Amino acid sequence: MKKSLKINFLSFVLAAAYSASGQVFVASPALNTQLCQCDTVQVTFFVNPGVLQSNNLIRVELSNPGGSTFSGNFIQIAPLPFGNNVPPNGPVHGTVGNILAVVPCNTPQGAYRVRVTSSSPAAVSDSSAIIIIGKRPPSKFTITGGYVNPQFPNEYRFCQGDTITFEGPTPGSGETYAYQWRVNGAPVPGANQKTFKFWQTAAISLRVSLGSCDSISKDTLVVAYKPNTSTTVQPQPGVIAISPDSFRFCDGNYITITAPSGPGYKYQWIVDTLDIFNNPHPKTLVNDTLIFKEVYVAGRYRVRVFDGFCFDTSGYINVITDFPPVDSIVPAAFPGSSVKGLTICSGDSTVLSVKDTNALNYQWQISFPPGSPFVNIAGATNPWFVVTPVINGTTVNDTARYRVIISNQTCSYTSNFLQVNVVKYPQINFNTSKNIQICAGDSVIVVVSSNQPAVNFTWLTSPPLNSNVIILKNPGVYPVRATNQNGCASFDTIRVTLSNPIANAGPDQTIQIGQSVTLIGSGAGPGGLYYWFANKPVSFSNPLSQVTTSIPQTNKPDTITYYLLVTDAGGCQGLDSMRVFVVKPPITDSTEIFRNVPNLLTPNGDGVNDVLDLSELIGNQTCELVVMNRYGKIVYNSLPYTNNWAGTDNAGAPLPDGAYYILVVCDDEVIYRGSVTIIQSQF
């Protein structure tokens, strides 16, 4: 393989045909370059402005070894037209040109000079470049361990399973080669010795390096080969082809196996017999060296073929000879469990099996009801059969008979039959619904019964309760098991849930004398009932509605407690209450304002107006303080009030600065209503 190298060292000047001096000038100094035999080189040069002939040609000249003389050894690939008025064949003078040259492959190693010449006018570059030409090593290799088949001259063959050896060229005296073996064009890691071994079909090549020069051989196709060993089988009537390489027939029949034919082919027939542990033992059939073999006895037959170059053995032809498979069926067991027998519970399963499971084909049959004709069971083709509640799409929930047809595709046998008796599960009945809802604190009595006699009931509680009666008062799921005298058990459950509706009558409210209050309740749930009532005379728009309007029947300030009773769909109840403060209309007479009630709070810890002190107003009475924001929402209340409110809500969080409305309620009577301003941050 040749490499391409661009050389930029030979930039020079060609004088015009009628220049004053007739000299050739170099524009830059020459440089040394390392090349190899057979390399392709691109030479770049420069021509000074001037008049060049239209028939001018540029060529590259190589000196003798040592670079002392030039003797007409031109190495360019093709002379380059380069002169005046010659486009498009070549560039004009006063430009940079490029020309390709090839280092001759037989050029001895050494130092050389290269220069560029012009034909019209005849001129040479006024300087030359030194190049070092290295020897390119050979890359041809030899192969041992295979052969060249005249029928396939473009490939090297070897017997499949063998290993072939490749050997690279031997370096000359004083030389050292570096080897790199390649498979399918890719270097093989670590394969850098003179010798290389391989064992597969591939394209092999070798890269050999000597110093900075190298060469790569052509790909050699090596093919792992084996002779044709495909066989054909001619069965006699009555022979069953289980697969292309497996045949079955009754004792006394036979098949003929034929090996492939070819010039010079030789054959040896082999049979693998099986011992009692089913281990194969190959045996050479003495004197069986013909192209065909008649087979009468069970075994695995193959033929060894030699085509004059390689040996190979064909695939197996499996031969099975049959005898009538006499057998009977017995009850069996699932893996890891005991035999269930011939009496099972409804919906349960049991296993029937033949005694000998060496035959190939099985077809189980059912007679249902017992005494009716036997019919095939779809998909039941194993040496065993699982009796299930549904067979052939029909529910078999009663006694039935079963048998199996055993065949080896050339012989068959009908077994005895077994009868499987099916006992139904006891039915479980409750005296109540399975889903019971009770109110908190209540209980329910559950009684269970069955449609079968002699049934035992067990409630699977902790500890279990052996009884048909149970009293339930806690929520949960209560399973019960009913077991009849055959051990068939049914299961059912009672689910108990508690209902504890949470009534919500809403927040406390404040109204003026004569005004109505809107009551909004919740908690009864879907399908539940609501009932409103109060501790003092009031009127309702509808006391049975979730939302109702009420007017207290009083003409003086008062505190009324409203109650909400909710009843959910299951009949369980919840109760809640709220208070309504009935107050006088806003004060218009300044004489009613108590001058001894503070109207400013500055809770900054300076000891002045830090808390709302109502001691002069309340005295020794037990009173409640109610604080509302400007929207009428209660933000703080305390009963009894102990003169310690510092401008916070009931959770202790400081309230925003602003004016708040307060009520002082003593013995359900509002004795004071007014406002107080909170300033948290300016003092």
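This report describes two open sheets and one buried arginine in a predicted model.

Local features are given where pLDDT is at least 70, and side-chain atom pairs count only at pLDDT 80 or more, while totals for chains, interfaces and linings use all residues. Residues are numbered from 1 along each chain as its sequence is written, and side-chain values use heavy atoms, with hydrogens and water left out.

Strands here are DSSP runs of E of at least two residues, numbered from the N terminus, and two of them pair if DSSP finds at least two bridges between them. One open sheet has four strands in the order β48-β54-β53-β50, with mixed pairing; β48 and β50 are its edge strands, each pairing on one side only. In the other, three antiparallel strands follow the order β41-β43-β45, and because β41 and β45 each have a single partner strand, one side of each is left without a neighbour in the sheet.

| Strand pair | Bridges | Direction | Opposite residues |
|---|---|---|---|
| β50 and β53 | six | antiparallel | W532 and L564 |
| β43 and β45 | four | antiparallel | V447 and V469 |

R182 lies in strand β14, which covers residues 178–183. R182 is buried (under 20% relative accessible area, 1.4 Å probe, protein chains only), yet it has no salt bridge (a side-chain nitrogen of Lys or Arg within 4 Å of a carboxyl oxygen of Asp or Glu). The nearest side chain of opposite charge, D219, is 6.1 Å away, whereas the side chain of R182 reaches the backbone oxygen of G185 at 3.1 Å. Beyond its neighbours within four places in sequence, R182 is in contact (heavy atoms within 4.5 Å) with residues including P187, V188, I204 and I216.

Definitions and conventions:
Buried means under 20% relative accessible area, exposed over 50%, partly exposed in between (1.4 Å probe, protein chains only). Lys and Arg count as positive and Asp and Glu as negative; His and the chain ends are not counted. A polar contact is a pair of N or O atoms within 3.5 Å; within protein, one must be able to donate a hydrogen and the other to accept it, and residues adjacent in sequence count only if both atoms are side-chain atoms.
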